[in-house]
Amino acid sequence: MRISTFGYSMKQGAKNIGRNKMFSIASIATMAACIFLFGLFYSIVVNFNYIIEKAEEGVAITVFFNEDTTDERKQEIGKELEDTDGVLSVNYVSAEQAWEGFKDNYFKESKDAAEGFKNDNPLANSDNYEVYMTDVEKQKDVVAYAESLEGVRDVNKSDLVAKTLASVNRLVGYISVAIIVILLAVSIFLISNTVTMGITVRREEIAIMKYIGAKDGFVRAPFVFEGLLIGVVGAIIPLVMLYFMYDKAVIYIMTRYSLLNNIIDFLPVFDVYKTLLPVGIALGVGIGFMGSFFTIRKHLRV
């Protein structure tokens, strides 16, 4: 496309928006609302996934050894577990550490009772590896592998927690896809209506252009630019709003519900916008292009 043709198309696209102010404003507002809801939903989902990932990192299986397992073999087991797919980290807990942890949890108000075991550790054969995973859905495979290792006596796991976290992840994924599809459909429909109004106003002009030999691309370009402009403006407005609202919302939540400070943590706004900004702009441009391109395509036959 020549520079002069490009300039003409841009100018006509802007004029089309001016000719159909009410429909254009309605389309931009609806696009902005859709992108805002998408950004809001994305921010919630990405933080929820971040919290779930942190929770998954805290889910561990415990690998115990046979009584006759040598220290050398225990080290080999630790190395084999570290090299297993889906394992985040492996932490060795000695019998003394296991007893200290047990004592702190169950003898908080009975220190004297705990002193009775000072020289006779009841957990003498309970040294173990705590194995943390990158994905809780990997737990079943990691447990099966750990149980197959020579020198392993038992593997403790939390099936309920693992299944719950895995189910929540899948549910969030399904809901995300459904909402995104609905928002895209609504936005495309409204932009299509706006472009259709512009075509109706210029129907005779389009017919004359076609009769004198204008190519489809030349006729289509102003309407495509119109859709792109609506998409870009409709995406920028909510993204700017969300950017300034995000930190304020996080501060409000953490202040209003101070008990959450030690339980959950939110992603910084820059981490959220590393993905949200390009995706939001791409959605606006893509929806604007699709809504206008396929609408004008139906009206090029005269």
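**Exercise 1. Classify Asp83 as buried or exposed, then find its salt-bridge partner.**

Step 1. Asp83 has a relative accessibility of 54% and counts as exposed. The classes are buried under 20% relative accessible area, exposed over 50%, and partly exposed in between (1.4 Å probe, protein chains only).

Step 2. The model is predicted: local features need pLDDT of at least 70, side-chain atom pairs count only at pLDDT 80 or more, and totals for chains, interfaces and linings use all residues. Residues are numbered from 1 along each chain as its sequence is written, and side-chain values use heavy atoms, with hydrogens and water left out.

Step 3. A salt bridge requires a side-chain nitrogen of Lys or Arg within 4 Å of a carboxyl oxygen of Asp or Glu. Asp83 meets the side chain of Lys79 in such a bridge, at 2.9 Å from N to O. Lys79 is partly exposed, at 46% relative accessible area.

**Exercise 2. Trace the salt-bridge network that contains Arg73.**

Step 1. A search of the whole structure returns 5 salt bridges.

Step 2. Arg73 bridges to Glu76 at 3.1 Å, N to O. Both residues belong to helix H3 (residues 71-82), and a spacing of 3 residues separates them by about one helical turn. Helices here are DSSP runs (H or I, at least four residues) and strands likewise (E, at least two), numbered from the N terminus.

Step 3. Arg73 also forms a salt bridge with Glu80, with the closest N and O atoms 3.4 Å apart. The network thus links Arg73, Glu76 and Glu80.

Step 4. Arg73 counts as buried at 16% relative accessibility. Glu76 is partly exposed at 36%, as is Glu80 at 27%.

**Exercise 3. Classify the ring pairs Phe38 with Tyr42 and Tyr243 with Phe270.**

Step 1. Rings of Phe, Tyr and Trp (its six-membered ring) pair if their centres lie within 6.5 Å; planes under 30 degrees apart are stacked, over 60 edge-to-face, and the rest tilted. The whole structure holds 6 aromatic pairs.

Step 2. For Phe38 and Tyr42 the centres are 6.3 Å apart and the planes meet at 25 degrees, so the pair is stacked. Both rings sit in helix H2 (residues 21-57), 4 residues apart, about one turn of the helix. Phe38 is buried, with a relative accessible area of 9%.

Step 3. Tyr243 and Phe270 are edge-to-face, at 6.2 Å centre to centre and 70 degrees between the planes. Tyr243 lies in helix H9 (residues 216-256) and Phe270 in helix H10 (residues 269-297), so this pair ties together parts 27 residues apart in sequence.

Step 4. Tyr243 is partly exposed at 28% relative accessible area, and Phe270 is exposed at 56%. Ring pairs link Tyr243, Phe244, Phe270 and Tyr273 into a cluster.

**Exercise 4. Assign the buried and exposed residues of helix H6 to its faces.**

Step 1. In H6 (residues 139-148), the buried residues are Gln139, Val142, Val143 and Ala146. They span an arc of only 100 degrees around the axis, which puts them on the same side of H6; the arc is taken from the directions between the helix axis and the C-beta atoms.

Step 2. The face turned away from that buried side carries the exposed residues Lys140, Asp141 and Ser148.

**Exercise 5. Find the strands that pair with E3 and the residues opposite Asn128.**

Step 1. Two strands pair if DSSP finds at least two bridges between them. Strand E1 (residues 60-65) runs antiparallel to E3 (residues 128-133), joined by 5 bridges. Strand E2 (residues 87-93) is also antiparallel to E3, with 6 bridges.

Step 2. Opposite Asn128 of E3 stand Phe64 and Val93.
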